[in-house]
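Here's a quick tour of a protein model, written for someone who'd rather be at the bench. Have a look at the sequence and structure first, and then we'll walk through the parts.

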Amino acid sequence: MNTPASAPRKTSKIRQKADTPDIPGLAVRQTAAKLLAAIVEQKTSLDGLTDEQHGQPHYRALDSRDRGLVRAILLTALRYRRTIEALIERRLERPLPGNATTLSHILHVGAAQILFLDLPDHAAVDLAVEHAKHDPRTRRFANLVNAILRTLIRIKERALPAALAQTVDAPDWFVERMRQTYGEEKTKAILAAHRVEAPLDFTVKENAAEWAKTLGGITTPTGSVRVSKPEGAISTLPGYEEGAWWIQDAAAALPVRLFKNISGKSVADLCAAPGGKTAQLAVRGAEVTAVEQSANRLRRLQENFARLRLDASFVHSNLLDLPDEAGFDAVLLDAPCSSTGTVRRHPDVLWAKDVSDIEKLADLQYKLLQKAVSLVPVGGTIVFSNCSLDRLEGEALIDRFIATEKNVKIDAIEPDEIEGIAPLLTERGELRSTPADFDLGFPQLSGLDGFYAVRLNRTR
Ligand SMILES: C[S@@+](CC[C@H](N)C(=O)[O-])C[C@H]1O[C@@H](n2cnc3c(N)ncnc32)[C@H](O)[C@@H]1O
């Protein structure tokens, strides 16, 4: 696995604790453990914690290489959390006490490096031991940390493949819900896909085949450009400056394509930022109104539109506050959701959310959809979508909505409407994708975000 360079070179600009020594590389491991605690204990999102402007202060104090290393450690520790846990637990004579969470995070950060990352094993152990010694909550366990991590180095070649085969890297609540919805086989395939980092998909304004060549990738069955691991920063890739493309998972590119002819029509994107779908609407010739309640995210959307040289009207508002008589020809509601479809890129999602979050989000989506319907005339189209794998935020939500509101009907997606979409359609013509879809031969080039989308027509 490629990771940022290991050699710890530079100390953090702010020290972790007054008594923390200047040991190269220690601040990175301490920050990784701190962020892991914030994700699994306080249910904070990894993206929020590692935001360049608003992220966790110790993280922001690191230089960019060290930040990259913290993210690599965390993505790995979360992607393989249960496998790491199983291998650590087997080395313990008795389970760690429930309040030994700091010790557990130090062990997970160390084990993630030893088991999965291309970093020197001895540095991972030494830094974990120093970390334990310099935290009063874990000082007395420094020898235990040393013993467990050294054992992992010794046994990993034999024990890791077995542990990966026996372990499911997801919390029980999620596995149970996936089994109920998708059955045993598909759930296995989804969980296997979650262990592979997602490829990078691009939506291009035109000439997908040409751009696939230029970017060194392929085109997906639905016409996105896909690259398994682009070289260098996104902003240095050909076409970035001129605004020829934007990053968007191939599944996320489908909801907008469900609108039939929108050229010259007024279309509102009601949950717009960062704007991948807004951009598609603009490229298809709609007069787009982009509604977004977060000022920061709206700013990002506007920056993206400037780079892409596209036009829209931007409205900073909670969509629930829009006047009902706004009168759009059509609306897209790409609603806030649990994001369980994006685990390949965001393995923190499963550890920072649970069923109660899904239930709350489904209720919010219901309210947002009520409002979305009120914004189009009778006969108008509403596309509802989100990146959740959970039925409660998809098929079941629409069942409940149609049965209760009685003002919309499903306008079924036809299998030949969009090239490559047929395998992703439900019996009643909704879009349902999962990371197990689009097996393109190589795991690094396969998969889709989990997405749900339905096209609705207002009937009264
Ligand atoms: C799933 S993201 C949308 C992604 C976007 N459609 C895209 O394709 O790039 C949901 C967005 O909706 C915004 N949002 C959530 N609730 C909202 C509301 N009540 N009114 C307006 N925007 C909202 C969030 O801030 C977030 O930016």
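Which residues in H4 meet which residues in H6? Ile73, Thr76 and Ala77 in H4 meet His108, Val109, Ala112, Gln113 and Phe116 in H6, where a contact means that the C-beta atoms, placed from the backbone, lie within 7 Å. Helices (H or I, at least four residues) and strands (E, at least two) are DSSP runs, numbered from the N terminus.

Some housekeeping before going on. This is a predicted model, so local features need pLDDT of at least 70 and side-chain atom pairs count only at pLDDT 80 or more, while totals for chains, interfaces and linings use all residues. Residues are numbered from 1 along each chain as its sequence is written.

Back to the two helices. H4 and H6 (residues 101-116) pack at an angle of about 90°, with their axes 9 Å apart. That makes H4 roughly perpendicular to H6, a label for angles of 65 to 115 degrees. Axes here are lines fitted to C-alpha atoms, for helices over the stretch in contact, and angles run from 0 to 180 degrees between N-to-C directions.

H4 turns up again at the domain level. The protein is divided into domain 1 (26-166) and domain 2 (200-458), with bounds from an automatic or database domain assignment. Their C-alpha centres lie 35 Å apart, and the contact takes 10 residues from domain 1 and five residues from domain 2. On the domain 1 side, helix H1 (26-40) and helix H4 (64-79) each supply at least two residues, and H4 gives the largest share, three residues.

Here's how the residue classes split in three places. Ala, Val, Leu, Ile, Met, Phe, Trp, Tyr, Cys and Pro count as nonpolar, Asp, Glu, Lys and Arg as charged, and the others, Gly among them, as polar.

| Place | Nonpolar | Polar | Charged |
|---|---|---|---|
| Contact of H4 with H6 | five residues | three residues | no residues |
| Side of domain 1 that touches domain 2 | five residues | two residues | three residues |
| Shell around the ligand | nine residues | five residues | four residues |

Now for the ligand. Of the 18 residues around the ligand, Cys271, Lys277, Gln293, Leu319 and Asp334 come nearest; a residue is near if its C-beta atom, placed from the backbone, lies within 6 Å. Helix H11 (276-283) and strand S6 (287-292) each supply at least two residues of that shell.

There's a sheet as well. Four strands form an open sheet in the order S2-S3-S1-S4, with antiparallel pairing; two strands pair if DSSP finds at least two bridges between them. S2 (218-219) and S4 (245-247) are the edge strands. Three bridges join S1 (residues 200-204) to S3 (residues 225-227), and Leu200 stands opposite Val227 in S3.

Lastly, two backbone oddities. Most residues other than glycine have a negative phi, and most peptide bonds are trans. A cis peptide bond joins Ala273 and Pro274, with omega about 5°, and Pro274 sits in the loop between strand S5 (266-269) and H11. Ser339 has a positive phi of about 65° although it is not a glycine, and Ser339 lies in the loop between strand S8 (330-334) and helix H13 (349-352).

Methods
Contact = placed C-beta atoms within 7 Å. Parallel < 35°, antiparallel > 145°, perpendicular 65-115°, else oblique.
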